Amino acid sequence: MNALPLLMQRRAGIGFAALAFVAAGWALLPHANRQSTARLIDDICSTVSRPMFSSAPAPEGSAAAARPRTSVKVISCEALPHVPGKSVTTAIVDFPPMAYSPAHRHPGSVTAIILEGMVRSQLAGGPAGDYKPGETFFEPPGTLHLFAENPDPVKHARLVSVFVTEENCGPLVLPP
């Protein structure tokens with residue numbers, strides 16, 4: 001019997017319980033600005049559901065629009081206590097065979113570490129690079145990331161991305 005689905009259900013249940021506990025605690029405390037707290041909760045929840053490596057879909061009818069998209073799983077988000085106002089977010093990005101991510105920007109610094117497969121990536125002003133397991137690339141804040149893709153028609157590619165962003169772990173993507 002595979003325990004992975006059960007573990008995922010337990011983690012989801014724990015996450016929901018933690019959110020409910022925090023919300024209940026917040027509701028019981030006096031607050032000067034409940035709207036800002038509600039906006040913070042909305043920002044956190046919507047950041048997780050937004051695609052991290054693309055700001056807009058590829059133009060309809062283009063070859064890129066027909067390609068698979070990346071999927072992103074945020075695995076941690078922590079405030080940086082020694083850098084007030086900043087946080088670090090770590091995510092796993094999966095590139096199915098032939099996956100493509102169109103032009104986008106990130107508001108903070110990003111380091112990508114390739115775990116498996118090959119990822120081709122290009123930043124504005126530089127050549128496209130092919131990155132293999134164990135290799136990294138860096139994106140300075142606001143740099144135009146022209147594209148990222150898995151050019152392999154059969155194998156998946158995966159990377160870990162580490163973002164240093166504004167506090168509260170987002171937003172992670174800006175329009176091109």
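A residue counts as buried when its relative accessible area is under 20%, as exposed when that area is over 50%, and as partly exposed in between. The exercises below use this cut-off on a predicted model.

**Exercise 1. Faces of a strand**

Task: Work out which side chains of strand 5 (residues 119-123) point to one face and are buried, and which point to the other.

Solution.
Step 1. In a regular strand the side chains alternate between the two faces of the sheet.
Step 2. Following strand 5 with this in mind, we find Val-119, Ser-121 and Leu-123 on one face, where they are buried.
Step 3. Arg-120 and Gln-122 point to the other face, and these two are not buried.

**Exercise 2. The partners of strand 5**

Task: Find which strands pair with strand 5, and in what sense.

Solution.
Step 1. Strand 6 (residues 129-131) pairs with strand 5 in the antiparallel sense over three bridges, and in this pairing Tyr-131 is the bridge partner of Val-119.
Step 2. Five residues lie between the two strands of this hairpin, where Gly-125 takes a positive phi near 85 degrees.
Step 3. Strand 8 (residues 145-149) also runs antiparallel to strand 5, to which four bridges join it; here Leu-123 stands opposite His-145.

**Exercise 3. A histidine in strand 8**

Task: Decide whether His-145 is buried or exposed, and describe what surrounds its side chain.

Solution.
Step 1. The relative accessibility of His-145, which lies in strand 8, is 0%, so this residue counts as buried.
Step 2. The side chain of His-145 makes a polar contact with the side chain of Ser-121 at 2.6 Å, and it reaches the backbone oxygen of Phe-147 at 3.0 Å.
Step 3. Leaving aside neighbours within four places in sequence, the contacts of His-145 include Pro-102, Ala-103, His-104, Leu-123 and Phe-137.

**Exercise 4. The nonpolar core**

Task: Identify the residues of the largest nonpolar core, and say which strands each supply at least two of them.

Solution.
Step 1. In soluble globular proteins, nonpolar side chains tend to be buried together.
Step 2. The largest nonpolar core here has ten residues in all, namely Val-93, Phe-95, Ala-99, Ala-112, Ile-114, Val-119, Phe-137, Ala-148, Ala-157 and Leu-159.
Step 3. At least two residues of this core come from each of strand 2 (86-95), strand 4 (109-116) and strand 9 (157-166).
Step 4. For one core member, Phe-137, the contacts beyond four places in sequence are Val-110, Thr-111, Ala-112, Ile-114, Ser-121, Tyr-131 and His-145.

**Exercise 5. An open sheet**

Task: Give the strand order of the open sheet of five strands, and explain why one side of each edge strand is left without a neighbour.

Solution.
Step 1. The order in this sheet is 1-2-9-4-7, and the pairing is antiparallel.
Step 2. Strand 1 (71-79) and strand 7 (136-139) stand at the edges with a single partner strand each, so one side of each has no neighbour in the sheet.
Step 3. From one strand to the next, the twist averages 20 degrees.
Step 4. Within the sheet, strand 4 and strand 9 run antiparallel and are joined by seven bridges, with Ala-112 opposite Ser-161 in strand 9.

**Exercise 6. The disulfide**

Task: Locate the one disulfide of the structure, and state which parts of the chain it ties together.

Solution.
Step 1. The disulfide joins Cys-77 to Cys-169, with an S to S distance of 1.1 Å in this model.
Step 2. The link is right-handed, with 105 degrees about the S-S bond.
Step 3. Because Cys-77 lies in strand 1 and Cys-169 in the segment after strand 9, the pair ties together parts that are 92 residues apart in sequence.
Step 4. Cys-77 has a relative accessible area of 30% and is therefore partly exposed, whereas Cys-169, at 12%, counts as buried.

**Exercise 7. A residue in a loop**

Task: Describe where Met-118 is placed, and which residues it touches beyond four places in sequence.

Solution.
Step 1. Met-118 is in the loop between strand 4 and strand 5, and its relative accessible area of 23% makes it partly exposed.
Step 2. Although Met-118 and Pro-151 are 33 residues apart along the chain, 7.6 Å separates their C-alpha atoms.
Step 3. Among the residues that Met-118 touches are Asp-130, Tyr-131, Lys-132, Pro-151 and Ala-157.

Key:
Residues numbered from 1 in each chain as written. Predicted model: local features only at pLDDT ≥ 70, side-chain atom pairs only at ≥ 80, totals over all residues. Heavy atoms only, no water. Core = buried A, V, L, I, M, F, W, Y, C linked by side-chain atoms within 4.5 Å. Buried < 20%, exposed > 50% of the residue type's maximum accessible area, 1.4 Å probe, protein only. Contact = heavy atoms within 4.5 Å. Pairing = 2+ DSSP bridges. Axes fitted to C-alpha atoms, helices over the stretch in contact; angles between N-to-C directions. Polar contact = N/O pair within 3.5 Å; in protein donor to acceptor, adjacent residues only side chain to side chain. Disulfide = S-S within 2.5 Å.
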